[in-house]
Amino acid sequence: MLYLFDIDGTLLLTGGAGTRALNSLFAERYGVEGAMAGVRAAGNTDPLIIREIFQSKLGTDPSRAEIDDVLADYVPRLRRALSDAPKFRTMPRAGETLAFLAEQPRVHLAIASGNVRPAAWAKLERAGFDGHFETGGFGCDDADRARLVERAIERGLENGPGKLNRDEIVVVGDTPYDVRAARACGVRVVAVATGTISRDELEAAHPDAVMNTLAELPAWHRSVTLGV
Ligand SMILES: [Mg+2]
């Protein structure tokens, strides 16, 4: 099995560190206060979040170069914000569940997240989860979530088992966007209601399973792999 984990709302919540980093960046560089107000972060990718800020707050469409420029400035700001984020927290049993999966035979872990790669790693390091992951698909691979999940699949397979059937690949995320991206790639998907999306909304997206927390994932893994 290859598990592809989303980060925000699934493994951890930064307690507003990402929002603070972008707000400070847009205030200093563009004179925009409250850049993230009204911008959807959950399930979105970093390049699309930045495009949305440009469109809604500056009334312009940024070039790819402008987005890359903002992202380069965002990462060190995020690192600083993460080092002083009292509300940063890992999701219930996230560490234990990753440790459980890592010990299972023929299980491989990778990331499928809208964060750009260095932002993803900054968050995973802050949580102490970085040791479980070597690769993945990220917001810098593609602004479109389904395409970044496809990259996560390619890299996860290259780094691990080489080849798997699509039903042996599982996206784990906290939004309907994770569910849709997984479906577009023809893989399984588990939704956890630990982010900002309610259990009802997640169920409406028809994932293979909806869980209250990652504490339920080990039992699901056993039932899927052992057929019990
Ligand atoms: Mg998420």
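Strands β7 and β8 run parallel to each other in this predicted model, and three bridges join them. One place to see this pairing is valine 192, which stands opposite methionine 211 in β8. The path from β7 to β8 passes through helix α8, residues 199–204, and the three elements together form a right-handed β-α-β unit.

On β6, residues 169–173, you will find another partner of β7, residues 188–192. These two strands also pair in the parallel sense, over four bridges. Two of the facing residues are easy to pick out: valine 171 has valine 189 of β7 as its bridge partner, and glycine 173 has alanine 191 of β7. Here too a helix takes part, since β6, helix α7 (residues 176–185) and β7 make a right-handed β-α-β unit.

Now step back to the whole sheet. In what order do its six strands lie? The order is β5-β4-β1-β6-β7-β8, in an open sheet with parallel pairing. The edges are held by β5 (136–137) and β8 (209–211), each of which has a single partner strand, so one side of each lacks a neighbour in the sheet. As general background, strands of a sheet pair through backbone hydrogen bonds, either parallel or antiparallel.

Is β7 enclosed or open to the surroundings? Four of its five residues are buried, so the strand is largely enclosed by the rest of the structure. Valine 189 is a good example to look at, as it lies in β7 and is buried, with a relative accessible area of 1%. Leaving aside residues up to four places away in sequence, valine 189 touches Val171, Asp178, Val179, Ala182, Arg183, Pro207, Asp208 and Ala209. Val171 in that list is also the bridge partner of valine 189. Another pair worth finding is valine 189 and aspartate 167: they are 22 residues apart along the chain, and their C-alpha atoms are separated by 9.6 Å.

Next comes the magnesium ion. Which protein residues act as its donors? They are Asp6 (OD), Asp8 (O) and Asp174 (OD), at 2.1 to 2.2 Å from the ion. Along the sequence, the donor residues are spaced D-x1-D-x165-D.

The table below gathers accessibility values for some residues of this report.

| Residue | Relative accessible area | Class |
|---|---|---|
| Aspartate 6 | 5% | buried |
| Aspartate 8 | 25% | partly exposed |
| Valine 189 | 1% | buried |
| Arginine 106 | 69% | exposed |
| Histidine 206 | 60% | exposed |

Arginine 106 and histidine 206 deserve a look for their backbones as well. Phi of arginine 106 is near 55°, a positive value in a residue other than glycine. Arginine 106 sits in the loop between α4 (94–103) and β4 (108–112). For histidine 206, phi is near 60°, again a positive value in a residue other than glycine. Histidine 206 belongs to the loop between α8 and β8.

How is the chain divided into domains? The domain assignment gives domain 1 (2–14 + 89–226) and domain 2 (17–83). Their C-alpha centres lie 24 Å apart, and 18 residues of domain 1 are in contact with 16 residues of domain 2.

Finally, turn to the interior. In soluble globular proteins, nonpolar side chains tend to be buried together. Here the largest nonpolar core has 56 residues, and those touching the most other members are Tyr3, Phe5, Leu11, Phe26 and Leu217. Helix α3, residues 64–83, gives the most to this core, with eight residues. Both domains take part, as the core draws at least three residues from each of domain 1 and domain 2. Phenylalanine 5 shows how many contacts one residue can have: not counting residues up to four places away in sequence, it touches Thr10, Leu11, Leu98, Leu101, Leu109, Ala110, Ile111, Ala112, Phe133, Val172, Leu214 and Leu217. There is also a second, separate core of 23 residues, whose members include Ala110, Ala146, Val149 and Ala152.

Methods:
Residues numbered from 1 in each chain as written. Predicted model: local features only at pLDDT ≥ 70, side-chain atom pairs only at ≥ 80, totals over all residues. Heavy atoms only, no water. Pairing = 2+ DSSP bridges. Donors = N, O, S within 2.8 Å, 3.2 Å for Na, K, Ca; no water. Buried < 20%, exposed > 50% of the residue type's maximum accessible area, 1.4 Å probe, protein only. Right-handed = clockwise from strand over helix to strand, strands pointing away. Core = buried A, V, L, I, M, F, W, Y, C linked by side-chain atoms within 4.5 Å. Domains from an automatic or database assignment. Contact = heavy atoms within 4.5 Å.
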